[in-house]
Amino acid sequence: MPGECDVLIVGGGPAGLAAAEAAARLGARTILLERQSEIGYPVHTSGGSWISDMKALAIPENLYHPVTRVIFVSPHREVPLYYNPAVACVLDVRGVYQHLAGRAVAAGASLRMRHTAEQTIVENGRVLGVTAKNHVSERISVRASMTIDASGFSRHVGVRTQMGQAFHRYGYGAEYDLYAPNYPQDELFLIMGSQFAPRGYAWAFPRGNGRVRLGVGVLHPDCDDDARVYLDRIVYDLPQLSDKFKDASPVEYHTGLFPSEGPLERFSRDGLLLAGDAGGHGSTLVGEGIRFAIYSGQMAGTIAAEAVKSGDTSAAFLGRFDKMWRARFGRDMDIAYMINKRIASYSDEQWDGALDLMKRLTPVQIAQALRGDFSVGLVMGVLARNPGLIATGGKKFLDVLLERIHKSTLQTTEG
Ligand SMILES: Cc1cc2nc3c(=O)[nH]c(=O)nc-3n(C[C@H](O)[C@H](O)[C@H](O)COP(=O)(O)OP(=O)(O)OC[C@H]3O[C@@H](n4cnc5c(N)ncnc54)[C@H](O)[C@@H]3O)c2cc1C
């Protein structure tokens, strides 16, 4: 097992696997270290995503389950939306991650299971790989021209190289993956309100073959409630779900942490890139990060391999990763974070009001907002249907929103 490589990736989640494929495809000798024994296990995500992105990322259709009904619930409101054809889907998470792993291996990457990165090797201010504990508990060094931190919430290399602190604000989610024979497999629920998920939301995500993920996520330190307690109550507390989960039983139990701080200021330094959750590259709007992790990993893997090829792994060269990511996602992620901070403290009455607003939007507009595609067109379209928004206290927020969109349009044009 050679200890030297061109691109070393820490973490075998969607960001790391996509980075491994992209780097290896460009001819870089690529090694990925994953601390778990299997790719895609344990599952720590609900797998909600979008069909257009799965197609763009060439994920096979049998690895995601389309949903045609999306139902929003607040304490005293319910908004059902119909999409035909379906736009949203629920992933076979393990299947998708293993598929990405297969693609990385086919491109020439080498994946090392049960290898935990420990120390970072830094020489003259340049990151040159990591030390790791391997599957037989030996301590090894893996030296590399380029390192990509794709370790998700632990941001393992980043926090050891002054590329960001450990996350302070995060969503904690607990979820049952049930066999639920009476649950309609085309219906996805998003549930808000203090009774179900204070400072967060609950969900029911069908994923085909009678299986449903039922979960609750809450934001810390915005509140210190325990999502697990709310999870055990929700089927009894929410009449819309009681019948649907009749005769159901959990088959798996998942927990996970999602960073809710927005993107880091910088994702690159000499010899190092941060991709996926480690860089804060997911959308904090609804805690969605899988497709964003794949896109971010692809960019990081490509730029790392180009840096190696050009013999320049300096922060100056690698800064093109920051630029590329911000040009594509910066505006939408900043806005998602602005909105997340605003809605995180919504009262039950405010959630009811938000669902009243939703009733006045088209299903397409709602999907676009949920996806986090915050174009001027979307904001103007929402205002056209709700001119009252400007008068009812939302004006200051809308001003900031439009200014942010305008600024990013100028930056992109100048770039
Ligand atoms: C409860 C919950 C529900 C969610 N639901 C959704 C959803 O419905 N849709 C969606 O798109 N997103 C969802 N997300 C977010 C999504 O899971 C993440 O954004 C996504 O997993 C980020 O991918 P990543 O590759 O950056 O990190 P991860 O998926 O966290 O992968 C990081 C990998 O690094 C490994 N690792 C960590 N430290 C080390 C180390 N020292 N050495 C070696 N390996 C290491 C880990 O074992 C892991 O495999 C959810 C998150 C949570 C917590």
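What joins the side chains of D322 and S268? In this predicted model, the link is a polar contact of 2.6 Å between the two side chains. D322 belongs to helix α8, which covers residues 315-343. With a relative accessibility of 8%, D322 falls under the 20% cut-off and therefore counts as buried. Leaving aside residues up to four places away in sequence, D322 touches E265, R266 and F267 as well as S268.

A second region worth a visit is a small group of paired strands. Here three strands make up an open sheet with antiparallel pairing, arranged in the order β3-β7-β4. The edge positions are taken by β3 (48-50) and β4 (64-67); each has a single partner strand, so one side of each is left without a neighbour in the sheet. From one strand to the next, the twist averages 40°. Between β3 and the antiparallel strand β7 (residues 88-91) there are three bridges, and S49 stands opposite C89 in β7.

Strand β7 also appears in the surroundings of helix α3, since it is among the elements that cover the buried residues of this helix. Others among them are α1 (14-25), β8 (110-113), β15 (211-220) and α7 (290-310). The buried residues in question are V93, G95, V96, Y97, L100, A101, R103, A104 and A107. Helix α3 itself comprises 15 residues, 93-107, and spans 21 Å from its first C-alpha to its last, close to the 21 Å expected at 1.5 Å a residue. After α3 comes G108, with a positive phi near 120°.

Definitions and conventions: Residues numbered from 1 in each chain as written. Predicted model: local features only at pLDDT ≥ 70, side-chain atom pairs only at ≥ 80, totals over all residues. Heavy atoms only, no water. Pairing = 2+ DSSP bridges. Helix = DSSP H or I, 4+ residues; strand = E, 2+ residues; numbered from the N terminus. Axes fitted to C-alpha atoms, helices over the stretch in contact; angles between N-to-C directions. Expected span 1.5 Å × (residues − 1). Buried < 20%, exposed > 50% of the residue type's maximum accessible area, 1.4 Å probe, protein only. Contact = heavy atoms within 4.5 Å. Polar contact = N/O pair within 3.5 Å; in protein donor to acceptor, adjacent residues only side chain to side chain.
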